[in-house]
Amino acid sequence: MRGIFAQRIGARSGSEAADRLLRYALHRAKPNAPVPLLRSKMKSGKPYLPEYPDFHFSLSHSGIWAVCAVGEYPVGVDVEQVRELRRGVAERWFSAEECALLAQLPPDGFYQFWTLKEAAVKASGEGLARGLSRARVTMEQTPVILLEHFRAFPVAFPDKNYRLSLCLSRADSDWTKEDLQVMIIE
């Protein structure tokens, strides 16, 4: 099973909403999965489900949205609400080359870059502290990240006030256009 699921957070916390999406996706893939889910973390801190080693997932939440991406190989997802940035934020997190690329993009380009980087470090399991500088944004037709065995790219999100990026293992590069559409769960 593969896909990207999103849900408005509502009265739940972002983490609770993301966990609910994870249970929804797992139930679709494995209807007899027990609740609650047994989770564990790799040495890097990346979460996984030990009972389902072939079920990879990534969770994110921001503002009013939670998202969950699932696949057969490691996956990373990040969603961010577009807000006004304080001066110097891009320079703090991005390389000089990335800042030069950002200068050529609309103001929301920062959020596209950030979601790309966060999705990449989630998929690779490196985490923000170790992997953010290794995940370098480059330009193809849109901003992308190529990180060893992974490729991160933007995905259209139905709420135009948010940016979403997905990172896939290159072994999982056969996702179709339908797989890359965000399914809103009510």
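**Close-up 1. The largest pocket and its lining.** In this predicted model, the largest pocket holds about 440 Å³ of space, a pocket being an open set of points on a 1 Å grid over the protein atoms alone, with protein on both sides within 12 Å along at least five of seven lines, and a volume being the space filled by probe spheres set on the points, which are joined across faces, edges and corners. Of the 20 residues that line this pocket, Pro-47, Ser-58, Leu-59, Ser-60 and Lys-122 are the closest to its centre, where lining residues have an atom within 4 Å of a point. At least two lining residues come from each of helix H1 (14-29), strand S4 (56-62), helix H4 (109-124) and helix H5 (127-131), and S4 gives the most, with five; helices (H or I, at least four residues) and strands (E, at least two) are DSSP runs numbered from the N terminus. By class, the lining has eight nonpolar, eight polar and four charged residues, with Ala, Val, Leu, Ile, Met, Phe, Trp, Tyr, Cys and Pro counted as nonpolar, Asp, Glu, Lys and Arg as charged, and the others, Gly among them, as polar.

**Close-up 2. The hairpin of S4 and S5.** Strand S4 and strand S5 (residues 65-71) pair in the antiparallel sense over seven bridges, pairing being assigned if DSSP finds at least two bridges between two strands. The two strands form a hairpin with two residues between them, and in the turn Gly-63 has a positive phi of about 55 degrees, while Ser-62 stands opposite Trp-65 in S5.

**Close-up 3. The largest nonpolar core.** This core has 18 residues, and those with the most contacts inside it are Leu-26, Leu-49, Phe-55 and Val-70; a nonpolar core is a set of buried (under 20% relative accessible area, 1.4 Å probe, protein chains only) Ala, Val, Leu, Ile, Met, Phe, Trp, Tyr and Cys residues joined through side-chain atoms within 4.5 Å. H1 and S5 each supply at least two residues of this core, and H1 gives the most, with six.

**Close-up 4. The largest cavity.** The largest cavity, a set of grid points where a 1.4 Å probe fits but cannot get out, has a volume of about 30 Å³ and is lined by Pro-34, Pro-36, Leu-37, Leu-38, Leu-49, Glu-51 and Tyr-52.

**Notes.** Residues are numbered from 1 along each chain as its sequence is written. In this predicted model local features need pLDDT of at least 70 and side-chain atom pairs count only at pLDDT 80 or more, whereas totals for chains, interfaces and linings use all residues, and side-chain values use heavy atoms, with hydrogens and water left out.

Technical notes. Buried < 20%, exposed > 50% of the residue type's maximum accessible area, 1.4 Å probe, protein only.
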